[in-house]
Amino acid sequence: MGGQNRATATLEERRPRRADAARNFDALVTAGREAFAEDGSGASLEDIARRAGVGIGTLYRNFPTRDDLIETLYLREVAALADAADEVADLEPWPALEAWLGRFVEYVGTKHVLLDGLNRESSVFAECRGVMLGAGEPLLARAQEDGAVKADLAIADVVKLIAGVSAVAYDDEEQRRRVLGLAIGSLRT
């Protein structure tokens with residue numbers, strides 16, 4: 001943990017340097033996140049430009065293809081997940097892992113919408129997986145060293161378990177919280 005993660009570095013490489021262009025880029029990313037959350041991966045690019053308060057030409061200057069926008073949104077989500085690992089690193093081992101997994105559950109909800117539109121052969125997809133696993137691994141290792149989590153688990157196991165449980169349709173929010181609690185609790189020794 002600590003330092004700049006690769007997803008953040010890639011985002012910074014994509015973000016324009018000029019202040020007005022950077023503001024437009026940020027507005028498009030925010031509008032894109034909202035539009036994809038509401039309308040799924042088929043969200044209208046024209047609607048995203050309108051929400052951002054820019055013309056469609058500005059959108060295409062920043063994101064020449066739909067994939068470019070979706071990749072940038074995905075990078076932002078993964079960067080936030082990696083930052084969350086840094087934010088909880090000073091907590092005791094189990095609460096740190098548990099807090100990060102809570103943030104991971106939020107990420108999974110956004111990820112499913114974005115993955116529908118993301119080219120899974122993209123180098124960004126592979127890069128993001130590495131960043132995500134790299135962010136969670138030290139938290140899991142600390143919790144294992146502390147004896148709070150089963151020693152035979154790998155971060156990839158934990159991520160798949162929580163992602164799978166997060167993706168299920170639930171009767172209501174209370175059931176969702178209970179089942180996620182069971183899944184996270186199953187990691188404990």
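Which residues of α1 are buried? In this predicted model, the buried residues of α1 are A7, T8, A9, T10 and L11. They don't sit there alone: this buried set packs against α5 and α7. T10 makes a handy example from helix α1. With a relative accessible area of 7%, T10 falls under the 20% cut-off, so it counts as buried. Setting aside residues up to four places away in sequence, T10 touches L75 and E127.

Stepping back to the whole chain, the secondary structure comes to nine helices and zero strands. Reading along the sequence simply gives α-α-α-α-α-α-α-α-α. The radius of gyration is 18 Å, close to the 16 Å that the globule rule gives for 189 residues, so the chain is as compact as a globular protein of that length. Taken along the principal axes, the box filled by the C-alpha atoms is roughly 55 × 40 × 30 Å. Of the 189 residues, 44% are buried. What about contacts that reach across the sequence? Counting those between residues at least 6 apart, 69% join residues at least 24 apart.

Next comes the outside of the chain. About 9400 Å² is exposed, and carbon and sulfur atoms supply 49% of that area. As for charge, there are 23 positive and 32 negative side chains, and the centres of the two sets lie 3 Å apart.

Now for the inside. In soluble globular proteins, nonpolar side chains tend to be buried together. Here, the largest nonpolar core has 42 residues. Those with the most contacts inside this core are L97, W100, L101, F104, Y107, V149 and I162. Several helices chip in, with at least two core residues each from α1 (6–14), α5 (66–88), α6 (93–117), α7 (123–145), α8 (155–166) and α9 (173–185). A second, separate core has 17 residues, among them A43, L45, V54 and L69.

Zooming in on the largest core, which residues does L97 contact, leaving aside its neighbours within four places in sequence? The partners are L139, L140, A143 and V149. L140 turns up again in the surroundings of I155, a residue of helix α8. Beyond its neighbours within four places in sequence, I155 is in contact with W100, L133, G136, E137 and L140. I155 has a relative accessibility of 6%, which is under 20%, so this residue counts as buried. I155 and E137 are 18 residues apart in sequence, yet their C-alpha atoms are 5.5 Å apart in space.

Helix α2 (residues 19–39) offers a nice pair of sequence neighbours, starting with N24. N24 is partly exposed because its relative accessibility of 26% lies between the 20% and 50% cut-offs. F25 also lies in helix α2, but with 1% relative accessibility F25 counts as buried. Both can be compared with L59. From N24, L59 is 35 residues away in sequence and 8.4 Å away in space, C-alpha to C-alpha. From F25, L59 is 34 residues away along the chain, with 8.0 Å between the C-alpha atoms. Leaving out residues up to four places away in sequence, N24 touches V54 and T58, while F25 touches R14, R15, P16, N62, F63 and T72. V54, touched by N24, is one of the residues of the second core.

R61, in helix α4 (residues 56–62), gives another view. Is R61 buried or exposed? Its relative accessible area is 64%, which is over 50%, so R61 is exposed. R61 and P95 are 34 residues apart in sequence and 43 Å apart in space, C-alpha to C-alpha. F25 and L59 are also 34 residues apart along the chain, but with a separation of 8.0 Å.

Finally, D47 is found in helix α3 (residues 45–52). What does this aspartate's neighbourhood look like? Not counting residues up to four places away in sequence, D47 touches A35 and D39. The relative accessibility of D47 is 14%, under the 20% cut-off, so D47 counts as buried even with its charged side chain.

Conventions
Residues numbered from 1 in each chain as written. Predicted model: local features only at pLDDT ≥ 70, side-chain atom pairs only at ≥ 80, totals over all residues. Heavy atoms only, no water. Helix = DSSP H or I, 4+ residues; strand = E, 2+ residues; numbered from the N terminus. Buried < 20%, exposed > 50% of the residue type's maximum accessible area, 1.4 Å probe, protein only. Contact = heavy atoms within 4.5 Å. Rg over C-alpha atoms; globule rule 2.2 N^0.38 Å. Areas by Shrake-Rupley, 256 points an atom, 1.4 Å probe, with all protein chains shown as cover. Charge placed at Lys NZ, Arg CZ, Asp CG, Glu CD. Core = buried A, V, L, I, M, F, W, Y, C linked by side-chain atoms within 4.5 Å.
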